[in-house]
Amino acid sequence: MKDDAMERVLAGLGKVEAPNGLEGRVLRRLAEGGTARPRRGWVLGTGLAIAAVLCGAWMVEWEFVTLPQTVKLSEMGVPGTLGRRQDVLQGLKPGPVTVDRTAEVVSLAKRRTRRKQGSAEVPVSYPAPSAPLTEEERMLRQIALTRNQPAFELLNEATREAALAASEADFNEFLRSSPFGGGH
Amino acid sequence: MTSIEGFGLLMPYEEAVDVSGLVRDYSGMMFRVAHAVLRSPQEAEDVVQDAFVRVLERRGRLGEVRDMRVWLVRIAWNLALDRRRRIRPEQMDARFAEELAARSVPADEAMAEAGRMATVLGEIERLPRKEREVLLLSAMEELGTAEMAAVLRRSESGTRALLFRARTRLKERIGGQG
């Protein structure tokens, strides 16, 4: 009975079917960029892209943190719209209302809100303007979302070069030593 | 269904190796090889994709490979072993055992059968590494001993001996639990 279970498990492993569409997905990946060998400039681009993605993520997270807390302050009994405006305007110098002045008011209001939350050291900033991601940024996002650790490690140039060298050596060794290798 | 020809992966005429044809003919087997090591369909598919990227990187020398099937299995095998260091296949075993049991026995027996299969998978994981690897590879019906030896970089006799030891040890351990 136990031996049968072993045979059934081994047979089951040998009969696993590939998921639907596997061929298409493999071919699509090859057509989209699987052919590209790593380029030197890619490393610099990758560094910049990482910085951009991290910066963007940091800003987005900051907004998510700030907005609910602003609402919470009003719920906690802080005087309503008028009270907040007065509070903000106390920090402004008198002068005509312009576009720049409006931005200054918003900036000061954000700074005040954060000070009330005990994070006065946090600099004031705005979300980055929306722009389409570069190819490198899309790849990084994909790697991060899928948690593809091997691909992430290959972003390191030394690791990548070592992997390529190992792959080349393995191929040559296969051709040289295996009866299935050398075709000529 | 995706059109393979539509991806334009045909090789230049003089190289005489059609990568899209390799994907069509061997991706299923490579998936099974990777799945035997990882027991995760997602991870196994990633391995197949990475393997064909490697193939494409060698496209200028594919004509030198006498048995493409063995070479492709070897790439998938090595990539799967490399990936295995970062995941724990035993975490996937309960689900795989349930799927296996559901396919092989009536529903009222499936739970007990899944338990038996999960036990076997657990014992396979506890085998010495070399024995475990040769046993998992032997599950691929498409591969003979000589091909397994080429994938594992061992002699045929050494591969046979390892496989015998693996099966004997596994039977003893499973029997000891019964």
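**An all-helical chain B and its contact with chain A**

From the N terminus on, the elements of chain B follow the order α-α-α-α-α-α-α-α. In this predicted model, chain B thus reads as 8 helices and 0 strands. Chain B has 178 residues, of which 52% count as buried. Its contacts also reach across the sequence: among those between residues at least 6 apart, 64% join residues at least 24 apart.

We may turn next to the place where the two chains meet. The contact draws 50 residues from chain A and 62 residues from chain B. Together the two chains bury about 5300 Å², with 64% of that area on carbon and sulfur atoms. Charged and polar pairings are present as well. Between chain A and chain B there are 9 salt bridges, and 13 residue pairs are in polar contact, with both residues at pLDDT 80 or more. On the chain A side, at least two residues each come from α1 (2-14), α2 (22-34), α7 (149-153) and α8 (157-177). The residues of chain A that touch chain B divide into 21 nonpolar, 14 polar and 15 charged.

One salt bridge leads from the interface towards the core. E168(A) pairs with R58(B), and the closest N and O atoms of this salt bridge are 3.2 Å apart. R58(B) is also one of the residues touched by W71(B). Setting aside residues up to four places away in sequence, W71(B) touches F171(A) and F174(A) from chain A, together with V55(B), R58(B), L62(B) and V65(B) from chain B. The tryptophan W71(B) has a further role in the packing: within the largest nonpolar core, which holds 69 residues, the members that touch the most other members are F52(B), W71(B), W77(B) and L137(B). In soluble globular proteins, nonpolar side chains tend to be buried together.

A charged residue, R39(B), offers a nice counterpoint. Where does R39(B) sit? Its place is in the loop of chain B between α1 (19-38) and α2 (41-57). R39(B) has a relative accessible area of 1%, which means that this arginine is buried. Its side chain is met by two acidic partners: a polar contact of 2.7 Å joins it to the side chain of D93(B), and another of 2.6 Å joins it to the side chain of E125(B). Beyond its neighbours within four places in sequence, R39(B) is in contact with L13(A) from the other chain, and with A34(B), P89(B), M92(B), D93(B), F96(B), L121(B), E125(B) and L136(B).

Helix α7 of chain B is another enclosed element. Because 6 of the 8 residues in this helix (residues 145-152) are buried, the helix is largely enclosed by the rest of the structure. The buried residues of α7(B) are E147(B), M148(B), A149(B), A150(B), V151(B) and L152(B). Just after α7(B) comes R153(B), whose phi is positive, at about 60°.

In chain A, the loop between α7 and α8 contains L155(A). Is L155(A) buried or exposed? With a relative accessible area of 13%, L155(A) is below the 20% cut-off and is therefore buried. The C-alpha atoms of L155(A) and G47(A) lie 9.4 Å apart in space, although the two residues are 108 residues apart in sequence.

Note on methods
Residues numbered from 1 in each chain as written. Chains lettered and ligands numbered in written order. Predicted model: local features only at pLDDT ≥ 70, side-chain atom pairs only at ≥ 80, totals over all residues. Heavy atoms only, no water. Contact = heavy atoms within 4.5 Å. Buried area = accessible area lost by both parts, 1.4 Å probe. Salt bridge = Lys/Arg side-chain N within 4 Å of Asp/Glu carboxyl O. Polar contact = N/O pair within 3.5 Å; in protein donor to acceptor, adjacent residues only side chain to side chain. Helix = DSSP H or I, 4+ residues; strand = E, 2+ residues; numbered from the N terminus. Nonpolar A, V, L, I, M, F, W, Y, C, P; charged D, E, K, R; others polar. Core = buried A, V, L, I, M, F, W, Y, C linked by side-chain atoms within 4.5 Å. Buried < 20%, exposed > 50% of the residue type's maximum accessible area, 1.4 Å probe, protein only.
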